[in-house]
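Student: I would like a close look at one part of this model, namely its salt bridges and the elements that carry them. Please take me through them slowly, and set them against the sheet and the nonpolar cores.

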Amino acid sequence: MHLTTRLVFSITTLTLFLAFVSCSKTEEKAKNGPVMEVKSAAFGHRTTMPGKYTCDGADVSPPLEWRNAPTGTKTFTIICDTPDAPAGTWVHWVIYDIPADITKLPEFVAKNGQLDIGAKQGKNDFDQIGYGGPCLPAGEHRFFFKLYALDGPTNLKVGASKEEILQAVKGHVLAEAELMGIYARE
């Protein structure tokens, strides 16, 4: 009987603790505002990317849009890469210093270093400026579009690498969001 009472007390205490933690996280999220997110009209998170956005198709960048950037955001940076490449992580796109009033990119962003909207593009691992879509060996691969909200510009020149960008944004990231697409080749 004594053991049963302790067990009931322990379960009740654990249940109340978990309810408190859950409430605290919900209150924290509400206090800090909505979470920043990035999405594409061409594919959903963890779904298949159409071949149009790969080297098997037109090899153009997909449309992207984002919302809920935190107060104080001055610029955005997007890095697209895959950790599933045979040689390790492969960078497909780096676009940075996107002004804070821009909340979407159209399909087929020009492969220019300096864009009309004020953003800059860096070099991908194909050694080219702009977007270079998935072009991997047979099998299924994941492609991550990572959005960073920053408190200022990177101050990097056109053609920066992913490593240079990540170094420049250290200590300046206000929020991050991620969209993952999947592509499979026969």
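Tutor: In this predicted model, a network of salt bridges links Asp81, Lys146 and Lys162. These residues can be placed by element: β4 covers 75-82 and β8 covers 139-150, while helix α2 comprises residues 162-169. That helix lies across β4, β5, β8 and β9, and runs at about 140° to β4.

The strands under the helix belong to an open sheet of 6 strands with mixed pairing, whose order is β2-β9-β8-β4-β5-β7. Its edge strands, β2 (47-48) and β7 (120-121), each pair on one side only. At the β7 end, β5 and β7 run antiparallel and are joined by 2 bridges, and here tyrosine 96 stands opposite lysine 120.

Lysine 120 also takes part in a salt bridge, its side chain meeting that of aspartate 97 at 3.2 Å, N to O. This pair links distant parts of the chain, since lysine 120 is in strand β7 and aspartate 97 in strand β5, 23 residues apart. Are these two partners buried or exposed? Lysine 120 has a relative accessible area of 17% and is therefore buried, and aspartate 97, at 8%, counts as buried too.

A second pair offers another setting: the side chains of glutamate 37 and arginine 67 meet in a salt bridge at 2.3 Å, N to O. Glutamate 37 is in strand β1 (residues 37-39) and arginine 67 in strand β3, 30 residues apart, so that this pair again links distant parts of the chain. Glutamate 37 is partly exposed, with a relative accessible area of 31%, and arginine 67 is likewise partly exposed at 47%.

Lysine 123 and aspartate 127 form a further salt bridge, with their closest N and O atoms 3.3 Å apart; lysine 123 is partly exposed at 37% relative accessibility, whereas aspartate 127, at 55%, is exposed. The count for the model comes to 8 salt bridges.

Some of these residues also lead to the nonpolar cores. Glutamate 37 is among the residues touched by tryptophan 66, which also touches Val38, Phe76, Ile78 and Ile98, among others. Trp66, Trp93, Ile95, Ile98 and Phe145 touch the most other members of the largest nonpolar core, which has 30 residues, and β3, β4, β5, β8 and β9 each supply at least two residues of that core. Tyr96, the residue opposite lysine 120, belongs instead to a second, separate core of 10 residues, which also includes Ile79, Tyr148 and Leu156.

Definitions and conventions:
Residues are numbered from 1 along each chain as its sequence is written. This is a predicted model: local features need pLDDT of at least 70, side-chain atom pairs count only at pLDDT 80 or more; totals for chains, interfaces and linings use all residues. Side-chain values use heavy atoms; hydrogens and water are left out. A nonpolar core is a set of buried Ala, Val, Leu, Ile, Met, Phe, Trp, Tyr and Cys residues joined through side-chain atoms within 4.5 Å. Buried means under 20% relative accessible area, exposed over 50%, partly exposed in between (1.4 Å probe, protein chains only). Helices (H or I, at least four residues) and strands (E, at least two) are DSSP runs, numbered from the N terminus. Contact means heavy atoms within 4.5 Å. Two strands pair if DSSP finds at least two bridges between them. Axes are lines fitted to C-alpha atoms, for helices over the stretch in contact, and angles run from 0 to 180 degrees between N-to-C directions. A salt bridge is a side-chain nitrogen of Lys or Arg within 4 Å of a carboxyl oxygen of Asp or Glu. Lists of a residue's contacts leave out its neighbours within four places in sequence.
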